[in-house]
Amino acid sequence: MAKAKSTSKATYDFDAIVIGTGPGGEGAAMNLTKAGQKVAVIEKHSEVGGGCTHWGTIPSKALRHSVSRLVEYNSNPLFNQSEKAATLTFDNILQHTTKVIRDQVRLRGGFYSRNDVKVYHGEATFVDKHSLHIQYPDGSSEQITAKTIVIATGSRPYRPADVDFTHSRIYDSDTILSLKHEPKSIIIYGAGVIGCEYASIFRGLGCKVDLINTRDRLLSFMDAEMTDSLSYHFWNSGIVIRHGEEYSAIEGRDDGVVLTLQSGKRMKADCILFANGRTGNTDKLGIENIGLTANSRGSLTVDNTYQTQVDNIYAIGDVIGYPSLASAAYDQGRIAADYILNISTEGQLIEDIPTGIYTIPEMSSVGKNEQELTAAKIPYEVGRASFKHLARAQIGASPVGSLKILFHCDTKEILGIHCFGERSAEIVHIGQAIMQQKGEANTIEYFVHTTFNYPTMAEAYRVAALNGLNRLF
């Protein structure tokens with residue numbers, strides 16, 4: 001073992017090079033370096049953190065937090081005694097977001113320095129399967145080599161060729177963070193997770209929002225009752241949702257943008273956010289030099305160990321497509337590193353990955369939904385708890401929402417958990433912990449026989465469990 005390691009170091013500059021410092025790249029690099037590997041990471045931007053920290057997960061959730069507090073302030077009778085509601089501009093809430101990003105960069109940058117991981121800030125291109133050319137912003141370049149290379153370059157917003165993203169009124173989910181004017185109206189094209197989250201943010205700021213959904217319902221991969229609840233609250237807040245629509249033209253003007261739909265509808269707004277799909281960042285990597293090919297959306301194919309068709313090249317995170325979650329990418333990075341190190345591992349993500357959608361209110365789920373269980377002919381029952389009946393929700397003035405537990409009628413095994421309302425993404429993990437238990441330990445009765453702090457939102461599990469068990473006969 002020691003001899004092999006020595007040979008590797010004599011032959012290559014590093015044991016492993018990770019391209020990208022987002023969640024997946026960080027997970028892989030930290031696991032490898034802590035195992036004694038000599039590791040380098042290559043980041044094309046001037047700071048570590050990847051798209052997750054700078055343009056995606058962190059900024060959108062920070063924006064949402066600020067807007068959510070504004071909505072809460074204006075709806076609280078302690079503060080809304082004047083006839084004029086408090087307002088914030090997009091630029092205002094970006095100040096908080098900028099601080100969060102800065103703090104995250106410092107935190108994540110410290111991980112690399114403390115663990116002796118060399119960071120190269122430049123653009124990586126494959127020369128061969130062990131060699132990478134790094135092009136630096138100042139025009140200089142160099143080449144480094146490694147026994148193993150991990151591709152963790154993430155993804156970017158999909159940009160169709162017939163949309164002019166250089167126009168000052170046409171944005172995607174990356175460039176929206178550079179919004180400087182104060183729109184009174186916005187069109188959001190694409191009602192996936194990103195589109196729905198930004199619809200909440202802009203509506204909370206008082207913008208008129210048109211949300212264009214290319215499908216027949218919002219977030220159809222989620223439980224239907226939960227998405228119906230979100231649709232209602234969007235409608236109730238004044239968001240106009242147009243289902244089953246596709247654009248035929250997007251025209252940027254000096255004073256706004258005009259969207260023409262294939263159905264013949266036309267609408268105008270101060271700006272448009274195009275949020276319809278993402279593309280893997282593989283086009284500038286030179287993967288053709290090592291015999292790899294990406295699919296039509298720029299994603300790479302890997303096996304269950306995250307190894308590509310090239311034996312020493314691995315890929316993780318958004319660049320391999322589904323599930324395209326920061327949470328999953330961290331785990332994929334760690335799991336891939338275990339395989340690289342030949343460490344015994346189960347080598348798979350958990351089957352039931354939780355989903356958190358940071359709209360206002362939040363949504364979160366784990367496991368099967370009612371539609372899936374019905375289609376599979378699995379006998380299940382439902383336990384529900386409405387937040388409006390919980391003392392903590394009443395105290396916090398957040399009565400909107402509910403918790404739903406799906407469980408097997410005979411074994412009482414928890415099959416799925418679905419939550420809509422404030423703190424849903426936190427609440428769901430309580431149920432997930434029990435759901436992940438083996439055998440008879442996975443039972444809805446746990447929540448009946450456990451004493452919860454009172455008042456808490458977690459108490460919803462006891463209420464929902466009793467509600468569901470009372471349905472059995």
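This report describes selected aromatic contacts, one helix and two loop residues of a predicted model.

**Aromatic pairs and their cluster**

Across the whole structure, a search returns twelve aromatic pairs. Two of them involve F274, and their geometries are set out below.

| Pair | Arrangement | Centre to centre | Angle between planes |
|---|---|---|---|
| F165 and F274 | edge-to-face | 5.8 Å | 90° |
| Y189 and F274 | stacked | 5.1 Å | 20° |

The F165 and F274 pair links distant parts of the chain, 109 residues apart. F165 is located in the loop between β7 and β8, while F274 belongs to strand β15 (residues 271–274). In the other pair, Y189 is part of strand β9 (residues 185–189), so its contact with F274 in strand β15 ties together parts that are 85 residues apart in sequence. F165 and F274 are both buried, and Y189 is likewise buried. One aromatic cluster is formed by F165, Y189, Y247 and F274.

**The loop between β7 and β8**

The loop that holds F165 also contains A161, between β7 (155–157) and β8 (170–172). Is A161 buried or exposed? A161 has a relative accessible area of 87% and is therefore exposed, the cut-off for that class being over 50%. F165, by contrast, is buried. The C-alpha atom of A161 is separated by 29 Å from that of K61, a residue 100 positions away along the chain.

**Helix α12**

Helix α12 spans residues 460–469, and its buried residues are A460, Y461, A464, A465, G468 and L469. Why do these residues lie on the same side of α12? They lie there because they cover an arc of only 150° around the axis. In general, an α-helix has 3.6 residues a turn, so residues three or four places apart point the same way. The buried residues of α12 pack against three strands, β20 (380–386), β21 (401–408) and β22 (414–421), and against the helix α11 (424–435).

**A nonpolar surface patch**

Which residues make the nonpolar surface patch of about 320 Å²? The patch consists of Y73, L78 and F79. Of these, F79 sits in the loop between α4 (57–75) and α5 (90–114). Its relative accessibility is 43%, so F79 counts as partly exposed, a class that lies between the 20% limit for buried and the 50% limit for exposed residues. F79 thus differs in class from A161, which is exposed.

Key
Residues are numbered from 1 along each chain as its sequence is written. This is a predicted model: local features need pLDDT of at least 70, side-chain atom pairs count only at pLDDT 80 or more; totals for chains, interfaces and linings use all residues. Side-chain values use heavy atoms; hydrogens and water are left out. Helices (H or I, at least four residues) and strands (E, at least two) are DSSP runs, numbered from the N terminus. Buried means under 20% relative accessible area, exposed over 50%, partly exposed in between (1.4 Å probe, protein chains only). The arc is that of the directions from the helix axis to the C-beta atoms. Contact means heavy atoms within 4.5 Å. Patches are made of residues with over 30% relative accessible area and no salt bridge: like charges are joined within 9 Å, nonpolar side chains (Val, Leu, Ile, Met, Phe, Trp, Tyr) within 5 Å. Accessible areas come from the Shrake-Rupley method with a 1.4 Å probe; for residues, only the protein chains shown count as cover. A salt bridge is a side-chain nitrogen of Lys or Arg within 4 Å of a carboxyl oxygen of Asp or Glu. Rings of Phe, Tyr and Trp (its six-membered ring) pair if their centres lie within 6.5 Å; planes under 30 degrees apart count as stacked, over 60 as edge-to-face and the rest as tilted.
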